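Here is a short report for a first look. Start with the sequence and the structure, then read on.

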Amino acid sequence: AAFNWADLIILAFSQHFGTLPYFVVRVMELIAEHRPRRLTFRTQHLLCIVTSILPHPQENEITISLCERFAAENDFVWEDGLALCSDGALDGQPLDKLGKQGRNIIRALDLAADALITCDHIPREAFTLMAQPLVPRWRYTGQTNANFKRRAKPYGTERKLNDKPYG
């Protein structure tokens, strides 16, 4: 398989609620299925870039640990996982158009790329910069609450969102 000739494989995907998307699981299955047990002719590295809609970086820890386990079980050198929070704030825009919000992401990716090019470990600073939420928690909570109310309004239930039918 072609991926056996790559020095670096990057799995980049968006996850929701600590799970690997089906297509990532399928790619992992295909790699494991077609990978020789020990590649004696090459050392391969695996890097994971995970985004999440939620504002807290802990949301990505489970997903990254699943990728790390995959790397270990398939004889990859694990390069770690970069986790981006509040990816919905990007709204499909180029990073350089996001101003201050995109600056940390660009810097983190630059640090990671420089390290990978020179065969060094990705510096902790890259992980710290990438993990900075794009949206403050208070704004995320306010926007989420407003969205729930807006979506409940056509059904006449916007005033019942705080009801506790079993409490």
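What percentage of the 167 residues in the protein chain is buried? Buried residues make up 35%. Keep in mind that this model is predicted.

## Fold elements

The protein chain holds five helices and three strands. Read from the N terminus, the order is β-α-β-α-β-α-α-α.

## Overall dimensions

The radius of gyration of the protein chain is 19 Å. For a compact globule of 167 residues, the value would be near 15 Å. Along the principal axes, the C-alpha atoms fill a box of roughly 65 × 35 × 25 Å.

## Contacts along the chain

Take the contacts in the protein chain with a separation of 6 or more. Of these, 72% join residues that are 24 or more positions apart.

## Surface and charge

The protein chain has an accessible surface of about 10,900 Å². Carbon and sulfur atoms account for 56% of that surface.

Charged side chains number 20 positive and 19 negative. The centres of the two sets lie 10 Å apart.

## One residue up close: T141

Where does T141 lie? T141 is part of helix 5, which covers residues 137–152.

Why does T141 count as partly exposed? Its relative accessible area is 38%. That value falls between the 20% limit for buried and the 50% limit for exposed, so T141 is classed as partly exposed.

T141 can also be placed against E59. The two residues are 82 residues apart along the chain. Their C-alpha atoms are separated by 16 Å.

Note on methods. Residues are numbered from 1 along each chain as its sequence is written. This is a predicted model: local features need pLDDT of at least 70, side-chain atom pairs count only at pLDDT 80 or more; totals for chains, interfaces and linings use all residues. Side-chain values use heavy atoms; hydrogens and water are left out. Helices (H or I, at least four residues) and strands (E, at least two) are DSSP runs, numbered from the N terminus. The radius of gyration is taken over C-alpha atoms; the globule rule is 2.2 Å times the number of residues to the power 0.38. Buried means under 20% relative accessible area, exposed over 50%, partly exposed in between (1.4 Å probe, protein chains only). Contact means heavy atoms within 4.5 Å. Accessible areas come from the Shrake-Rupley method with a 1.4 Å probe; for residues, only the protein chains shown count as cover. Lys and Arg count as positive and Asp and Glu as negative; His and the chain ends are not counted. The place of a charge is taken as NZ of Lys, CZ of Arg, CG of Asp or CD of Glu.
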